[in-house]
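I am opening these notes to keep track of what I looked up, entry by entry. The sequence and structure come first, and the entries follow.

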Amino acid sequence: ARQERLRSGGGPGRTSDGHQVALYANIGRAKDLIDDVEGVGLFRTELLYLDRSDAPSYDEQVAAYTAVFAALPGRKVVLRTLDAGADKPLPFLQQADEPNPALGVRGLRISWRRPDVLETQLKAVAEAARSASAEVWVMAPMVATPQEAATFVAACRAAGLPTAGAMVEIPAAALRAGALLEEVDFLSIGTNDLSQYTFASDRQVGELAELLDPWQPALLSLIAMCASAGKAAGKPVGVCGEAAADPGLAVVLTGLGITSLSMSPRSIPAVREALAGHTLEDCQRLAAAALAAETAELARQAVLTPVT
Ligand code: PEP
Ligand code: MG
């Protein structure tokens with residue numbers, strides 16, 4: 001029945017003229033897979049362990065990852081290694097008091113202090129990937145430099161994981177997307193944190209919503225840089241932040257050259273419909289209009305106001 005539904009309603013996203021953009025789900029556990037999906041573009045592994053005072057064992061991790069991979073036979077799963085810190089604290093990786101946890105030792109940075117934690121996780125992922133037939137890619141959160149990316153990729157290869165990427169959540173990573181792509185197999189842009197760090201606006205402060213608006217042209221410029229670098233390198237560059245769930249923005253991101261969009265599963269149908277209503281050339285024209293806008297509101301209007 002699952003295969004049947006996938007054939008009828010689902011399938012890959014595409015523009016009206018057939019340009020394919022993969023539409024993936026963001027999940028935290030196997031149970032989040034409420035619908036048939038083309039694949040998972042962001043498996044937030046830290047969400048499994050938010051309440052833990054001790055680190056999850058190797059066996060426990062193998063079981064949790066196998067449950068997700070087994071639910072997606074033959075399909076892509078992009079697993080993110082533990083992204084601890086700031087809005088996602090993991091008690092067993094808690095740092096000493098930091099004045100600015102969002103700017104502190106978090107995400108991949110913890111691996112330099114606790115290489116054992118990354119190594120155990122990567123080994124568990126590799127073991128789970130061996131026992132299930134999903135196509136498993138791994139990526140690191142909060143990558144700032146190509147050197148960090150290279151170290152992560154080496155750790156992945158050593159664990160037997162051939163496809164490794166970096167999230168672009170820090171403006172420095174977007175500014176050097178080309179150099180990053182010399183080290184990694186793919187990039188995935190996390191627009192939630194990329195907005196936060198580009199606009200120096202805490203993502204948890206509702207009062208700053210205007211600056212954190214994913215239609216902000218400065219954010220779109222950074223995304224455009226990553227997409228161009230991906231095109232030049234011939235490597236995939238996806239978006240897995242909340243921006244990907246906005247149907248109008250999905251059209252813009254496609255026009256910028258983003259190759260996959262990953263979002264909460266319930267957002268996928270509306271995004272699929274928006275893409276199906278535009279040619280790739282439409283998407284490119286609307287992307288150029290959004291990039292040229294002076295404000296987020298004008299960018300939105302440029303894309304969403306029908307031409308009469
Ligand atoms: C992001 O930062 O955009 C992202 C996808 O990761 P998270 O929201 O889990 O920080
Ligand atoms: Mg993030």
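Which residues in helix 10 meet which residues in helix 11? I kept in mind throughout that this is a predicted model, and I found that P247, G248, A250, V251 and T254 in helix 10 are in contact with A270, V271, A274 and L275 in helix 11. I sorted the residues of this contact by type and obtained 7 nonpolar and 2 polar, with no charged residue.

Next I looked up the geometry of this pair. The axes of helix 10, which runs over residues 247–256, and helix 11, which runs over residues 268–276, come within 8 Å and cross at roughly 50 degrees. Angles from 35 to 65 degrees fall in the oblique class, and helix 10 and helix 11 are therefore oblique to each other. I also noted the hand of the crossing, which is right-handed where helix 10 passes helix 11.

**Entry on the E169 and D193 annotation**

I then turned to the UniProt record, an unreviewed entry, which places the feature "binding site" at E169 and D193. The two positions span 25 residues in sequence, yet their C-alpha atoms are no more than 5.1 Å apart, so they gather at one spot.

I located E169 in the loop between strand 6 (164–168) and helix 6 (171–175). Is E169 buried or exposed? I count it as buried, because 26 other C-beta atoms lie within 10 Å of its own, and the class begins at 20. Not counting residues up to four places away in sequence, E169 touches P141, M142, G190, D193, L194 and Y197.

D193, by contrast with the loop position of E169, sits in helix 8, residues 191–198. D193 has 22 C-beta neighbours inside 10 Å and so counts as buried. With neighbours within four places in sequence left aside, D193 is in contact with E169 and R203.

**Entry on the second annotation**

For "binding site", the unreviewed UniProt entry also lists R44, R80, N192, D193 and R203, and I looked up R44 and N192 from this list.

I found R44 in strand 3, residues 39–44, where it is partly exposed, with 18 other C-beta atoms within 10 Å. Apart from its neighbours within four places in sequence, R44 is in contact with G28, R80 and D83, and R80 is itself in the UniProt list.

N192 belongs to helix 8 and is also partly exposed, with 16 other C-beta atoms within 10 Å. Which residues is N192 in contact with, leaving aside its neighbours within four places in sequence? I noted R203, G241 and E242, and R203 is in the UniProt list as well.

**Entry on backbone angles**

Most residues other than glycine have a negative phi, and I therefore wrote down two residues with a positive value.

A86 is not a glycine, yet its phi is positive, at about 55 degrees. I placed A86 in the loop between strand 4 (76–80) and helix 3 (109–113), and with 20 other C-beta atoms within 10 Å it is buried.

M142, also a residue other than glycine, has a positive phi near 60 degrees. This residue lies in the loop between strand 5 (135–140) and helix 5 (146–158), and I count M142 as buried, with 24 other C-beta atoms within 10 Å. I add that M142 is among the residues that E169 touches.

Definitions and conventions. Residues are numbered from 1 along each chain as its sequence is written. Chains are lettered from A and ligands numbered from 1 in the order in which they are written. This is a predicted model: local features need pLDDT of at least 70, side-chain atom pairs count only at pLDDT 80 or more; totals for chains, interfaces and linings use all residues. Axes are lines fitted to C-alpha atoms, for helices over the stretch in contact, and angles run from 0 to 180 degrees between N-to-C directions. Helices (H or I, at least four residues) and strands (E, at least two) are DSSP runs, numbered from the N terminus. Angles under 35 degrees count as roughly parallel, over 145 as roughly antiparallel, 65 to 115 as roughly perpendicular and the rest as oblique. A crossing is left-handed if the near helix is turned anticlockwise from the far one by less than a right angle, and right-handed if clockwise. Two residues are in contact if their C-beta atoms, placed from the backbone, lie within 7 Å. Ala, Val, Leu, Ile, Met, Phe, Trp, Tyr, Cys and Pro count as nonpolar, Asp, Glu, Lys and Arg as charged, and the others, Gly among them, as polar. UniProt positions are given in the numbering used here, feature names are shortened, and annotations may be inferred rather than shown by experiment. A residue is buried if 20 or more other C-beta atoms lie within 10 Å of its own, exposed if 12 or fewer, and partly exposed in between; C-beta atoms are placed from the backbone.
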